[in-house]
Amino acid sequence: MIRRRALIAAFLLLPGCGLQPLYGGGTGSPVAATLRSVQVGPIAGKAGWLVRNKLVDRLGESGEGPVQYRLDVKLDDNITSFGLRGDRAATQERRTLRARFQLVSLPAGTVVLDAAAGSDAGIDIVSSEYATVAAEQTAIENLSNIVADQIVARLALYAKRSQAPR
């Protein structure tokens, strides 16, 4: 009974803390509209192709509305070997994907957001070269998802903060 009362009290106090949903209003919200107005520029490399496709999917870039922003992304995709065996062969790799991105306001021609995102993944090197290559491919696909999610979260936060106060 005490737990139930504490839970009810927490729900009653929640509006007083100032928390608001980022995408309040769903696809018609100002944040979603701002995200749809972002054009993603080309990104070099295979990892760039993966990240760009994921960004376009997440931002909802439809081409129907006016473009207000351009997103410029530069990637650094790096694989480092470590964990050496006695015969000096590596036993593990670390794949790191870092993104430096800038959101450019097209009407003003200025950079309104300059930030970075990134993640890394460990890969075991096994006796099968095919398995190692497949693990590297899976790692870059997963890292592309993570980096794209981080970029979209930062863009959504910018869109929410740049809204006029109500």
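This passage walks through the fold of the protein, from its overall layout to its sheet, its helices and two individual residues.

The model described here is predicted. It contains 4 helices and 4 strands, and a reader who follows the chain from its start meets them in the pattern α-α-β-α-β-β-β-α. Of the 166 residues in the protein, 31% are buried. Contacts that reach along the chain are well represented: among those between residues at least 6 apart in sequence, 61% join residues at least 24 apart.

A good place to begin is the sheet. Its 4 strands are arranged in the order β1-β2-β3-β4, forming an open sheet with mixed pairing. The edges are formed by β1, at residues 38-40, and β4, at residues 110-124, each of which pairs on one side only. On average, and with direction ignored, neighbouring strands are turned by 25° against each other.

Within this sheet, β2 (residues 69-84) and β3 (residues 90-105) run antiparallel and are joined by 15 bridges. One pair of facing residues can be picked out here, with D77 standing opposite L97 of β3. On to the next pairing: β3 and β4 also run antiparallel, and 14 bridges join them. Two positions help to locate this pairing in the structure. R95 has A121 of β4 as its bridge partner, while E93 stands opposite I123 in β4.

The turn from β3 to β4 deserves a closer look. The two strands form a hairpin with 4 residues between them, and G109 in this hairpin takes a positive phi near 70°. P107 also belongs to the loop between β3 and β4. Its relative accessible area is 63%, above the 50% cut-off, so P107 counts as exposed. The C-alpha atom of P107 lies 6.8 Å from that of Q68, although the two residues are 39 apart along the chain.

Two helices can now be added to the picture of the sheet. Helix α3, made of residues 45-59, lies across β1, β2 and β3 and runs at about 135° to β2. Helix α4, which covers residues 129-161, packs on the sheet as well, where it touches β2, β3 and β4. The direction of α4 makes about 150° with that of β4.

These helices also meet one another. In general, two packed helices are described by the angle between their axes and the distance between the axes. For α3 and α4, the axes come within 9 Å and cross at roughly 45°. An angle of this kind is neither under 35 degrees nor in the range from 65 to 115, and the two helices are therefore oblique to each other. The crossing of α3 past α4 is right-handed. On the α3 side, the contact is made by K46, A47, L50, V51, K54, L55, R58 and L59. On the α4 side, the residues taking part are Q137, I140, E141, S144, N145, A148, D149, I151, V152 and L155. Sorted by class, this contact has 10 nonpolar, 3 polar and 5 charged residues.

Finally, one residue of α4 offers a useful landmark: T132 has its place in this helix. Is T132 buried or exposed? Its relative accessibility is 8%, which is under the 20% cut-off, so T132 counts as buried. Leaving aside residues up to four places away in sequence, T132 touches E93, D124, I125 and V126. Among these, E93 is the residue that stands opposite I123 in β4. The C-alpha atoms of T132 and Q92 are separated by 9.7 Å, with their positions 40 residues apart along the chain.

Notes
Residues are numbered from 1 along each chain as its sequence is written. This is a predicted model: local features need pLDDT of at least 70, side-chain atom pairs count only at pLDDT 80 or more; totals for chains, interfaces and linings use all residues. Side-chain values use heavy atoms; hydrogens and water are left out. Two strands pair if DSSP finds at least two bridges between them. Axes are lines fitted to C-alpha atoms, for helices over the stretch in contact, and angles run from 0 to 180 degrees between N-to-C directions. Contact means heavy atoms within 4.5 Å. Buried means under 20% relative accessible area, exposed over 50%, partly exposed in between (1.4 Å probe, protein chains only). Angles under 35 degrees count as roughly parallel, over 145 as roughly antiparallel, 65 to 115 as roughly perpendicular and the rest as oblique. A crossing is left-handed if the near helix is turned anticlockwise from the far one by less than a right angle, and right-handed if clockwise. Ala, Val, Leu, Ile, Met, Phe, Trp, Tyr, Cys and Pro count as nonpolar, Asp, Glu, Lys and Arg as charged, and the others, Gly among them, as polar.
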